[in-house]
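The exercises below concern helix packing and empty space in a predicted model. Work through each task with the structure open before reading its solution.

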Amino acid sequence: MERAKLVVKNFGPLKDIEIEVREMVTFIGAQASGKSTLAKLLSIFEDENFRSDDKITFEEELKKYNIFSYLKKDSFIHYDSKNVNTTIAEFTFSDNKFKKSTLHDTLSRLKRLKSLKVKDPQDKLDLIEMIKKLISQFINTYKLLNRDDFYLVFETEKQKIKFELDFHNIRIKDGRIKDSDVDKLIEILEREKSYDNYVFLYEEIISFFPKIFLFDSLYIPSERNFLHLISENTLGLINNNIHIPKHLLNSGQDYEKAIQTIKELPLSIIDKKIKYKREGKTSYIYHNETEKVDLLESASGLQTVVPILLLVEYAKSLKDEYNFNFVVEEPELNLYPKAQHELVKYLVKNCLFDRKNLIITTHSPFVLASINNLLLAFEKGQTNAKEVNKIIKKESWLNPKNYIAYQLKNGKAYKITNDKLGQIKENMIDGISDDFASEFNKLLDL
């Protein structure tokens with residue numbers, strides 16, 4: 001299901017890109033084709049601090065991710081994040097200017113409209129209907145009626161009780177309201193049905209919205225084996241202005257929190273007998289109950305997979321309800337194909353639930369093949385759930401409606417998923433093998 005659209009023109013390696021963003025997106029392509037650039041842009045636009053803080057500029061965020069030099073006078077970037085029919089955030093860079101539109105910006109515009117002297121009664125009614133629609137869509141999109149936090153809108157116990165009575169049936173059924181139900185909320189608040197009071201209601205709702213859902217990006221870079229080296233020194237590196245890309249330092253800070261929170265972790269992705277364990281200030285890999293080795297001295301595959309697992313598990317441990325945008329660069333690094341498959345299953349299981357999204361950049365056809373298995377498992381599981389579950393656990397099934405993949409080539413993005421079949425196109429996965437086979441056959445013919 002589409003949750004956003006991204007258009008990029010003349011930005012670094014990206015010449016003419018228009019992509020649909022779903023709950024899970026995969027970018028595959030050769031080196032320097034623009035996979036990481038797209039992933040970094042999506043990380044910026046899905047970040048709560050950037051969305052809510054007007055002091056953080058787009059240029060600063062590009063510098064943080066080491067892609068500022070890609071920005072040219074003729075660059076065009078547009079990101080439109082929607083949920084159902086509600087625009088959550090919209091960003092545009094055009095004509096060397098950047099514009100941002102978020103929930104708080106919408107509130108500012110509504111307040112400006114409020115200050116205008118509207119004389120025509122019909123115009124006043126139209127404005128009220130507009131904001132009623134905005135409020136109802138917002139409440140329905142995030143199912144706010146069924147959350148205890150929604151009671152914060154009301155000022156007295158009497159109002160809270162009346163809300164429970166008047167909206168009991170709606171909340172029991174599906175929690176969706178009509179535009180006309182917004183009038184009931186105004187009545188419960190004991191206010192007149194004026195434009196000012198509808199704006200007041202909207203402001204009250206979005207004022208506690210961050211307490212419900214926080215948008216954030218968790219960027220897991222391809223240089224993740226480097227995180228363990230800097231994790232306990234990130235503040236010093238930042239304070240001393242060491243020239244390390246800021247997004248790596250930020251990942252290092254997240255990783256430091258992760259190793260302080262997650263003390264032990266099974267590594268069944270690699271081997272059922274192996275586990276990670278934090279003891280004092282050292283991270284160890286246990287191969288059995290007694291034999292252990294410092295993570296820094298362990299196999300390269302372990303050094304690249306442990307940061308992924310720790311960061312994801314740390315994100316899951318947070319008490320606040322985040323709308324996380326997980327970005328994992330090249331999950332296949334240093335991993336045997338079977339381990340790649342197990343990691344993909346783990347990521348789908350742990351990064352795609354309760355408003356969590358997953359973006360993967362990859363060079364590996366094994367990653368695409370693994371994803372195809374999970375897509376097929378979902379389809380077959382609709383009619384043969386028990387048998388499919390024996391092969392692939394249900395929590396790793398991937399709904400084709402929530403998935404899309406692109407190949408990046410020559411500055412453009414080509415969709416490589418077939419929505420009718422619910423699969424990645426076979427020629428994309430088999431193409432590399434065919435190239436090898438063709439080369440092999442030519443050698444045999446000599």
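**Exercise 1.** Determine the volume of the second largest pocket, and establish which residues and elements form its lining.

*Solution.* Begin with the volume, which comes to about 710 Å³ for the second largest pocket. Next, turn to the lining, which is made up of 28 residues, those closest to the centre of the pocket being Asp47, Asn49, Lys64, Asp216 and Asn250. Then assign the lining to secondary structure: two or more residues come from each of α2 (48-52), α3 (58-64), β7 (214-220), α12 (246-261), α13 (300-317) and β12 (322-329). Among these contributors, α12 gives the most, with 7 residues. Finally, sort the lining by class, which yields 11 nonpolar, 7 polar and 10 charged residues.

**Exercise 2.** Two of the helices that line this pocket, α12 and α13, also have axes that come close enough to be described as a pair; find how they are oriented to each other and which residues meet.

*Solution.* The axes of α12 and α13 cross at roughly 75° and come within 9 Å. Because angles of 65 to 115 degrees count as roughly perpendicular, α12 is roughly perpendicular to α13. On the α12 side the contact involves Asp254, Tyr255, Lys257, Ala258, Ile259 and Thr261, which meet Val306, Pro307, Leu310, Leu311, Tyr314 and Ser317 of α13. Classified, the residues of this contact are 8 nonpolar, 2 polar and 2 charged.

**Exercise 3.** Describe the packing of α14 against α15, including the handedness of the crossing.

*Solution.* Helix α14 spans residues 337-351 and helix α15 spans residues 365-381, and they pack with their axes 9 Å apart at an angle of about 50°. The two helices are therefore oblique to each other, and their crossing is right-handed. From α14, the residues Pro337, Gln340, His341, Val344, Lys345 and Val348 meet Phe366, Val367, Ser370, Ile371, Asn373 and Leu374 in α15. This contact comprises 7 nonpolar, 4 polar and 1 charged residues.

**Exercise 4.** How many cavities of 30 Å³ or more does the structure hold, and what lines the second largest of them?

*Solution.* There are 2 cavities of 30 Å³ or more, and the second largest has a volume of about 40 Å³. Its lining consists of Leu375, Pro400, Tyr403, Thr417, Asn418, Asp419, Gly422, Gln423 and Ile424. Strands β16 (417-418) and β17 (423-424) each supply at least two of these residues. By class, the lining of this cavity divides into 4 nonpolar, 4 polar and 1 charged.

How values were computed:
Residues are numbered from 1 along each chain as its sequence is written. This is a predicted model: local features need pLDDT of at least 70, side-chain atom pairs count only at pLDDT 80 or more; totals for chains, interfaces and linings use all residues. Side-chain values use heavy atoms; hydrogens and water are left out. Axes are lines fitted to C-alpha atoms, for helices over the stretch in contact, and angles run from 0 to 180 degrees between N-to-C directions. Helices (H or I, at least four residues) and strands (E, at least two) are DSSP runs, numbered from the N terminus. Angles under 35 degrees count as roughly parallel, over 145 as roughly antiparallel, 65 to 115 as roughly perpendicular and the rest as oblique. A crossing is left-handed if the near helix is turned anticlockwise from the far one by less than a right angle, and right-handed if clockwise. Contact means heavy atoms within 4.5 Å. Ala, Val, Leu, Ile, Met, Phe, Trp, Tyr, Cys and Pro count as nonpolar, Asp, Glu, Lys and Arg as charged, and the others, Gly among them, as polar. On a 1 Å grid over the protein atoms alone, a cavity is a set of points where a 1.4 Å probe fits but cannot get out, and a pocket is an open set with protein on both sides within 12 Å along at least five of seven lines; lining residues have an atom within 4 Å of a point. Grid points are joined across faces, edges and corners, and a volume is the space filled by probe spheres set on the points.
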